[in-house]
Amino acid sequence: ARPNEDAIPAWRKEGQVASWQLSRTWSANRIGAVPYHFGIHLQAALNVPVGIVQAALGGTLTEAWTPRFVFAENKSFARDLAWIEIAEARQSEAEMKSLAAYKDWISDFDGKSNLRSALAQSPPPQWPRNPGSWYNRPSCFYNGMVHGMTPYALAGMAWYQGESNVPQAEEFEARLFAFVASMRKVWRNDSLPFGIVQLAPFDGPDAKKMPLAWEAQAAVARSSNAGLITISDLVPDLGNLHPPDKKSVAERLTRWALHAAYGRADATPTGPIFRKAVVEKGRIRVFFDSAAGLSGRGGSPIGDFEIAGNDQMFFAADARIDADGIILSSSKVKRPVAVRFGWSQIAQPNLVNAAGYPAASFRTDRWPISN
């Protein structure tokens, strides 16, 4: 009889999950929807076997996935290093107490002939279960879920994280830069492709600094061999932090990966990404990368642009497409000097390229942000 390929093997029933698994009914439900569909799309495009390694937990901070050496080498991360050292001290103290307890426990068995009976009456003391750790401690998830995978060769890395960093968005850019650099260092590949999924818009009290988080992600994505995958149009409910359309997120990640990791020139890697702004007489001209076929989604007028003069007062701008750029003007701003686009935690801009991917949020000023 033909074996049932979807039957759960014995080792799986015993709880052994740290191994390579073929995509089957019993294994596919152990991986997130985005990486699952990402692997499916990649394999279809490349026509070769594709392996996906997932390291994921909900509600995590970027620094929890970052190796310890990053915090030790950078004085601006002294607070993180202090937390790590506190955890290490607690762990060491707990281990010393356990060792003393083990010595006392072992000495109780001297001269006893029936060890089985003695063990039943006096079981060994419990070893401390990492008392110096807590959820989101700096480096904790890197230590437990990433470091052991570094011997594997990777074609690239997709990073979909950051909501928990939004309340401290002012620090996010430095932390994300450090994380990306550390991943390239531990994998000994300075050009490891790195795809960053931009966070989805969210109408929540902890998301007021979301535009700053988007700005941080875009800054890191502009670095060598990195990319920004925009998903602002995949959010039917702004009260839901996690967009339900995982398949489309994966499809966009695949487009980026085919371009960045596999050299497919025919794949549009991202939505329009801000390149530069040029101030002209009474208007500002904005240029984008990945801008082929710029339009308003469904032929609608382009929105979400604001311009301001030196008074730092922003007003909605009239936007007109011109080749790979946008010309912005407003009757309320005679001498514009700055542009903001999609600068709201609930912004869902309708500016798209030929692939239908939305443009990423940006600003050209560095004026103080009030929230």
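## Note on a predicted single-chain model

1. Glu93 and Lys97 both sit in helix α5, which covers residues 78-107, and they are four residues apart, about one turn of the helix. Their side chains meet in a salt bridge, with 3.6 Å from N to O. Glu93 counts as partly exposed, at 47% relative accessibility. Lys97 counts as exposed, because its relative accessibility is 55% and the cut-off for exposed is over 50%. The model is a predicted one, and this applies to every point below.

2. Now the overall picture. The chain has 10 helices and 13 strands. Its C-alpha atoms fill a box of roughly 95 × 60 × 40 Å, taken along the principal axes. Of the 371 residues in the chain, 41% are buried. The accessible surface comes to about 19900 Å², and carbon and sulfur atoms account for 52% of it. Among contacts with a separation of 6 or more, 68% are between residues 24 or more positions apart.

3. A second salt bridge within one helix involves Glu251 and Arg255, whose side chains meet at 3.6 Å, N to O. These two residues are four apart in helix α10, so about one helical turn separates them. Glu251 is partly exposed, with a relative accessible area of 29%. Arg255 also counts as partly exposed, at 26% relative accessibility.

4. Which parts of the chain does the pair Asp233 and Arg252 tie together? The side chains of Asp233 and Arg252 meet in a salt bridge of 2.8 Å, N to O. Asp233 lies in the loop between β3 and α10 (246-260), while Arg252 lies in helix α10, so the pair ties together parts that are 19 residues apart in sequence. Asp233 counts as partly exposed, at 26% relative accessibility. Arg252 is buried, because its relative accessible area is 7% and buried means under 20%.

5. The structure holds 19 salt bridges. Some charged residues are linked in a network of salt bridges: Glu63, Arg79, Asp80, Glu171 and Arg175. As a general point, side chains of opposite charge can pair when their charged atoms come close.

6. Next, the interior. The largest nonpolar core has 37 residues, and those with the most contacts inside it are Leu176, Phe179, Met183, Trp187, Phe194, Met210 and Leu228. The elements giving two or more residues to this core are the helices α7 (140-146), α8 (172-186) and α9 (210-221), and the strands β1 (157-159), β2 (194-197) and β3 (226-229). The largest share, eight residues, comes from α9. Apart from this core lies another, of 18 residues, including Phe288, Ala317, Val339 and Leu351. In soluble globular proteins, nonpolar side chains tend to be buried together.

7. Which residues does Trp187 touch, not counting residues up to four places away in sequence? The residues are Val146, Met149, Thr150, Tyr152, Leu154 and Met157. Trp187 is also one of the residues with the most contacts inside the largest nonpolar core.

8. Tyr152, touched by Trp187, also belongs to a surface feature. Trp20, Val53 and Tyr152 make a nonpolar surface patch of about 320 Å². Val53 is found in the loop between α3 (33-46) and α4 (68-73). Val53 is partly exposed, with a relative accessible area of 37%; that value allows Val53 to be in a patch, because patch residues need over 30%.

9. One open sheet deserves a look in the viewer. What is the order of its four strands? The order is β8-β7-β11-β13, and the pairing is antiparallel. The edge strands are β8 (314-316) and β13 (362-363), each of which pairs on one side only. Strand β7 (residues 305-308) and strand β11 (residues 338-341) pair in the antiparallel sense over four bridges. Ala308 stands opposite Ala338 in β11. In general, strands of a sheet pair through backbone hydrogen bonds, either parallel or antiparallel.

10. A last point concerns distance. Asn143 is found in helix α7, one of the elements that give two or more residues to the largest nonpolar core. Asn143 itself counts as partly exposed, at 46% relative accessibility. Asn143 and Ile273 are 130 residues apart in sequence, and their C-alpha atoms are 34 Å apart in space.

Methods:
Residues numbered from 1 in each chain as written. Predicted model: local features only at pLDDT ≥ 70, side-chain atom pairs only at ≥ 80, totals over all residues. Heavy atoms only, no water. Patch = residues over 30% accessible without salt bridge, like charges linked within 9 Å, V, L, I, M, F, W, Y side chains within 5 Å. Areas by Shrake-Rupley, 256 points an atom, 1.4 Å probe, with all protein chains shown as cover. Salt bridge = Lys/Arg side-chain N within 4 Å of Asp/Glu carboxyl O. Buried < 20%, exposed > 50% of the residue type's maximum accessible area, 1.4 Å probe, protein only. Pairing = 2+ DSSP bridges. Core = buried A, V, L, I, M, F, W, Y, C linked by side-chain atoms within 4.5 Å. Contact = heavy atoms within 4.5 Å.
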